[in-house]
Amino acid sequence: MEAASSYIPKDNEEKPLGEDACFICEETQTIGVADGVGSWGKKGIDAGEYARELMNNASFSVLEQAEEEGSVCPLQVLHEAYWMTKAKGSSTACIVTLKEDFLHAVNIGDSGFLVIKKGKVVFQSPAMQKRFNCPYQLGNESDTPDSAQEFKVDVEHDDVLVVGTDGLFDNLFPHQIGSIVHNCVEGKLSPKMMASLIAELAWYHSLQKDRSTPYTKSAMEVGLVQENYLGGKYDDVTVVVAKIV
């Protein structure tokens with residue numbers, strides 16, 4: 001698969017790198033994203049440091065596994081990255097690898113991935129939340145990889161994989177992402193351009209206060225007052241797009 005990423009962090013002088021992180025390992029056809037949980041900021045902790053260290057450790061584990069075992073097991077990668085990460089804080093995580101004609105993935109929290117076939121979303125990983133806006137999360141004082149979900153999804157030539165943090169999935173509905181991908185494929189745009197366009201639209205929606213978004217819908221489903229949650233959720237946005245070739 002051919003993959004590329006786009007990242008738009010929130011405007012914060014104290015955290016210029018934001019709280020998201022990702023990696024793309026072309027050699028092993030593996031992608032990972034993570035989102036540091038922002039509530040740690042109340043304790044003076046930058047959870048972005050946890051997310052970045054987690055993804056750095058995951059990318060190291062991916063290469064080591066591929067060299068020693070000839071393949072990548074996302075759940076094993078997540079376990080190894082988790083145990084190697086010493087930064088304070090916590091993070092969601094999603095790791096996806098391509099194995100011949102299927103994707104093998106592991107996810108914890110509300111990051112996740114979509115598989116799009118001819119403009120239609122044929123698979124979406126479910127968000128893992130303990131309650132509204134409180135995802136399962138890896139951390140030294142939080143959840144462990146034992147709580148993660150594993151997936152195997154068949155794919156074929158020209159399918160498109162979209163991996164992202166909740167900054168994407170809180171602000172764009174799956175059918176909106178599918179529509180962008182369809183138009184980009186029709187226009188023969190690169191994965192890099194697709195990732196940028198999706199991230200930019202998610203970012204635009206995150207700033208709007210007069211539209212329905214997945215974030216609004218989720219708030220209403222648990223009985224929260226619509227007026228307080230109308231519009232997008234202002235957040236870092238990470239998008240990785242991969243085309244199966």
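In which sense do strand β2 and strand β3 pair, and over how many bridges? In this predicted model, strand β2, formed by residues 20-25, and strand β3, formed by residues 30-36, are paired in the antiparallel sense, and six bridges connect them. One of the residues taking part is Asp-20, whose bridge partner in β3 is Asp-35. The two strands form a hairpin, with four residues lying between them. Within the turn, Gln-29 has a positive phi of about 55°. In general, the strands of a sheet pair through backbone hydrogen bonds, and the pairing may be either parallel or antiparallel.

A further arrangement of strands is an open sheet with five members, which follow the order β1-β13-β12-β6-β7. The pairing in this sheet is antiparallel. Its edges are formed by β1, residues 2-8, and by β7, residues 120-124, each of which pairs on one side only. On average, and with direction ignored, neighbouring strands of the sheet are turned by 20° against each other. At one end of the order, strand β6, which spans residues 112-117, is joined to β7 by four bridges, and these two strands run antiparallel. Lys-117 has Lys-120 as its bridge partner in β7.

Two helices are found in contact with this sheet. Helix α4, residues 174-186, lies across β6, β7 and β12, and runs at about 50° to β6. Helix α5, residues 191-206, packs on the sheet as well and touches β1, β12 and β13. The direction of α5 makes about 30° with that of β1.

The edge strand β7 contains Phe-123. This residue has a relative accessible area of 22% and is therefore partly exposed, since the term buried is kept for values under 20%. When residues up to four places away in sequence are not counted, Phe-123 touches Phe-113, Leu-114, Val-115, Phe-151 and Val-153. Between Phe-123 and Glu-14, which are 109 residues apart along the chain, the C-alpha atoms are separated by 37 Å.

Helix α5 also contributes to the surface. Met-193, which lies in this helix, forms a nonpolar surface patch of about 230 Å² together with Leu-189 and Leu-197. The relative accessibility of Met-193 is 40%, so this residue counts as partly exposed. Helix α6, which consists of residues 214-221, has Pro-214, Tyr-215, Thr-216 and Ala-219 as its buried residues. After α6 comes Gly-223, which has a positive phi near 85°.

Charged side chains form a further set of contacts, and a search of the whole structure finds nine salt bridges. One of them pairs Arg-52 with Asp-46, with 3.6 Å between the closest N and O atoms. The two partners fall into separate classes of exposure: Arg-52, with a relative accessible area of 22%, is partly exposed, whereas Asp-46 counts as buried because its relative accessibility is 17%.

Which residues are linked with Lys-117 in a network of salt bridges? The network consists of Lys-117, Glu-156 and Asp-159. In the salt bridge between Glu-156 and Lys-117, the closest N and O atoms are 3.4 Å apart. Glu-156 is located in the loop between β11, residues 149-154, and β12, while Lys-117 belongs to strand β6; the pair therefore ties together parts that are 39 residues apart in sequence. Lys-117 also meets the side chain of Asp-159 in a salt bridge, with an N to O distance of 2.8 Å. Asp-159 likewise lies in the loop between β11 and β12, so its pairing with Lys-117 in strand β6 ties together parts that are 42 residues apart in sequence.

The members of this network can also be described by their accessibility. Glu-156 has a relative accessible area of 46% and is thus partly exposed. Lys-117, at 24% relative accessibility, counts as partly exposed too. Asp-159, by contrast, counts as buried, because its relative accessibility is 2%.

Technical notes:
Residues numbered from 1 in each chain as written. Predicted model: local features only at pLDDT ≥ 70, side-chain atom pairs only at ≥ 80, totals over all residues. Heavy atoms only, no water. Pairing = 2+ DSSP bridges. Axes fitted to C-alpha atoms, helices over the stretch in contact; angles between N-to-C directions. Contact = heavy atoms within 4.5 Å. Patch = residues over 30% accessible without salt bridge, like charges linked within 9 Å, V, L, I, M, F, W, Y side chains within 5 Å. Areas by Shrake-Rupley, 256 points an atom, 1.4 Å probe, with all protein chains shown as cover. Salt bridge = Lys/Arg side-chain N within 4 Å of Asp/Glu carboxyl O. Buried < 20%, exposed > 50% of the residue type's maximum accessible area, 1.4 Å probe, protein only.
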